[in-house]
Amino acid sequence: MTRRAADLLIDCLSAHDVDRIFCVPGESYLAALDALFERNTIQTVICRHEGGAGFAALADAKLTRRPGVAFVSRGPGATNASIAVHVAEQDATPLVLFIGQVARHEAGRKAFQEVDYAKTFSDMAKAVWTINDADRLPDIVAKAFQVAAAATPGACVVVLPEDMLEDMTASAVMGPAQSPQVGVGDDAQLSVIAKMLDDAKRPLIIAGGALNAPEGRAALQAACNTHQVPCALTFKRQDLFDNTSALYAGHLGFKVPRPLVDRLNEADLILAVGTRLGEVSTQGYTFPRAPEPDQPLIHIYDDAAPLNREYRTRLSLVADPTAVMAALAQRTAGQHPGDRAAWIERLHAPMKASRAWSARPDGRLDMGPVVAALTSTARDDAIFITDAGNFSGWLHRYFPFNGRHRLLGTVGGAMGLGMPAAVAAGLRCPGTQVITFIGDGGMGMSGAELATAVQYDVPVKVFISNNASYGTIRMHQENAFKGRVVGTALKNPDYAALAEAHGARGFTLATIDEAESVVAAALAQDGPVVVDVKTDVHLISPNATLDDLG
């Protein structure tokens, strides 16, 4: 069958089970948009900024564990979307970004909005292909989806010259390629790991995002229960494990209290599973200490590249983290030396105590009372989304994630995920409560996607920490240059009024006493809601005020 390359492209996407794309339209891929017109199996979600489209596709991928898909136009569209390509690499999230390009006869001539995408994305994307021959389209699309999803997941970029999309081709649709399967390791290796866990006096598991699926969470919990090993979670992965479990040992995020890290460092064995052991989770490569950890380190990941790259391990294993945890859960635990119960209590008791939020006696408002209200009103399967910023620290500290909640945030730390991710989550999981925390800085970067939420009737619930500051940078500024504030102050709109202007419902929360009723009212609304939380900039994090810094 002969057809336009544009039509073949959309048929190939359908063959890869793509049911939704996020885009900002552009003249360089009009033929692909026209092909979508004929097919109602793929929803085309129109975003207001290419960064928002990329972030929405990333959030969709985090929820489905399949590559998210975004389409953008050449030049400015592609460079706007580059933030999502970078976050995909940092967060190990599969993304396929399709970029319109100048016509083939214009390539290499510095044509209008021409960019060499192989150069531009070489340090961020796993691969970049330009489809100059329409007959190659099915093969390249299949490769892009396979490579994006393969360990370690990341972004692949497919460049579409606009004239190529109009070419006729007889190439057949090509479905998904068979991905290589990573095993569980041999029985001898698993026996060694199990024995090391049981023989240690103070073992600790550090669990990461490769376990972020229902079966991975269940296997992690079961292995910890079987061998009675406490579990700490990596940055933005606090939802992987029941925080109320006696085996929950904390969350290794940005600027966590030093006593937490000191307690964890008392471990005499670390099993890192499903994590690359990146900078934030390891507190700047100090826990475990690089390159020679202070305790024996076992590292399990489904990609050989991170293993023994920063750390010398006692044992490293290229294996499916979920399969390894499930296998360990099936092995009968041996006798534990020392007082394992005391070690478990030492790690969990401070975490349990720190979740008890109490109102400030001076009445100043932070995000604490919002989180406190959500502990009793959020559903057991709610999806929480955090944009980048200190305000998310209150959620990390005070909310008891139950192992069924979902938490979406950027490990890469980019601002702007919050609103696009809320849209993507609401579309992907209709009927599920989607609760989003955004700072005023992040709202300024991607808040235009509130219009997308309204356009598609996505009932997001958005809480904006409005402290009139780029708060995290202000914190670092006060640490380095006490009292010398420049470049971090903001003058913000009335976000409740802005929400109403978009067609959403807007609330203002200005005092601690209002928190419970405003949160309840926001969650009770059927459509999209924005709550303008008038937080005090001096309450810069859950662990410090501005007066404490410098």
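**A parallel sheet, its aromatic cluster and the salt bridges**

In strand 2 (residues 20-23), Arg20 and Phe22 point one way while Ile21 and Cys23 point the other way, and all of these residues are buried. The model described here is a predicted one, and strand 2 makes a convenient place to begin a tour of it. Strand 2 pairs with strand 3 in the parallel sense, over 4 bridges. Within this pairing, Phe22 stands opposite Val45 of strand 3. To get from strand 2 to strand 3, the chain passes through helix 2 (residues 30-37), and the resulting β-α-β crossover is right-handed. Strand 2 also runs parallel to strand 4, to which 2 bridges join it. Here Phe22 appears once again, with Ala70 as its bridge partner in strand 4.

These pairings belong to a broader arrangement. The sheet is open and has 6 strands, in the order 3-2-4-5-7-6, with parallel pairing. Strand 3 (43-46) and strand 6 (127-130) form its edges, each pairing on one side only. From one strand to the next, the twist averages 20°. Further along the order, strand 4 (residues 68-72) and strand 5 (residues 95-101) run parallel and are joined by 5 bridges. Phe71 is found opposite Phe98 of strand 5.

The two phenylalanines lead on to the aromatic contacts. Tyr29, Phe71 and Phe98 form one aromatic cluster. In the structure as a whole there are 8 aromatic pairs. One of them is formed by Tyr29 and Phe71, a tilted pair with 5.6 Å from centre to centre and 40° between the planes. This pair links distant parts of the chain: Tyr29 sits in the loop between strand 2 and helix 2, whereas Phe71 is in strand 4, 42 residues apart. Tyr29 counts as buried because its relative accessibility is 1%, against a cut-off of under 20%. Phe71 is likewise buried, at 1% relative accessibility. A further pair is that of Phe437 and Phe463, whose ring centres are 6.0 Å apart; their planes stand at 55°, so this pair is tilted. Phe437 lies in strand 17 (residues 434-439) and Phe463 in strand 18 (residues 461-465), so the contact ties together parts 26 residues apart in sequence. Both Phe437 and Phe463 are buried.

Attention now turns to helix 1 (residues 5-15). Of its 11 residues, 9 are buried, so helix 1 is largely enclosed by the rest of the structure. The buried residues of helix 1 are Ala5, Ala6, Asp7, Leu8, Leu9, Ile10, Asp11, Cys12 and Leu13. Two acidic residues, Asp7 and Asp11, are thus among those buried in helix 1. Following helix 1 comes Asp17, which has a positive phi, near 65°.

Charged contacts complete the picture. Side chains of opposite charge can pair when their charged atoms come close. A search of the whole structure returns 30 salt bridges. Among them is the one between Asp536 and Arg364, in which the closest N and O atoms are 3.8 Å apart. Asp536 lies in the segment after strand 20 (529-533) and Arg364 in the loop between helix 11 (340-354) and helix 12 (368-377), so that this pair links distant parts of the chain, 172 residues apart. Arg364 is partly exposed, with a relative accessible area of 28%.

Another salt bridge joins Arg404 to Asp380, with 3.7 Å between the closest N and O atoms. Here too the pair links distant parts of the chain: Arg404 is in the loop between helix 13 (392-398) and strand 16 (406-408), Asp380 is in the loop between helix 12 and strand 15 (383-386), and the two are 24 residues apart. Arg404 has a relative accessibility of 51% and counts as exposed, whereas Asp380, at 49%, counts as partly exposed.

Lys482 and Glu478 also meet through their side chains in a salt bridge, at 3.9 Å from N to O. The partners are set in contrasting surroundings: Lys482 is partly exposed at 41% relative accessibility, while Glu478 is buried at 5%. Elsewhere, salt bridges that share partners join Arg3, Arg4, Asp7, Asp11, Asp34 and Arg39 into one network. Asp7 and Asp11 in this network are the buried residues of helix 1 already noted.

Note on methods:
Residues are numbered from 1 along each chain as its sequence is written. This is a predicted model: local features need pLDDT of at least 70, side-chain atom pairs count only at pLDDT 80 or more; totals for chains, interfaces and linings use all residues. Side-chain values use heavy atoms; hydrogens and water are left out. A salt bridge is a side-chain nitrogen of Lys or Arg within 4 Å of a carboxyl oxygen of Asp or Glu. Buried means under 20% relative accessible area, exposed over 50%, partly exposed in between (1.4 Å probe, protein chains only). Two strands pair if DSSP finds at least two bridges between them. Axes are lines fitted to C-alpha atoms, for helices over the stretch in contact, and angles run from 0 to 180 degrees between N-to-C directions. A crossover is right-handed if, with the strands pointing away from the viewer, the path from the first strand over the helix to the second runs clockwise. Rings of Phe, Tyr and Trp (its six-membered ring) pair if their centres lie within 6.5 Å; planes under 30 degrees apart count as stacked, over 60 as edge-to-face and the rest as tilted.
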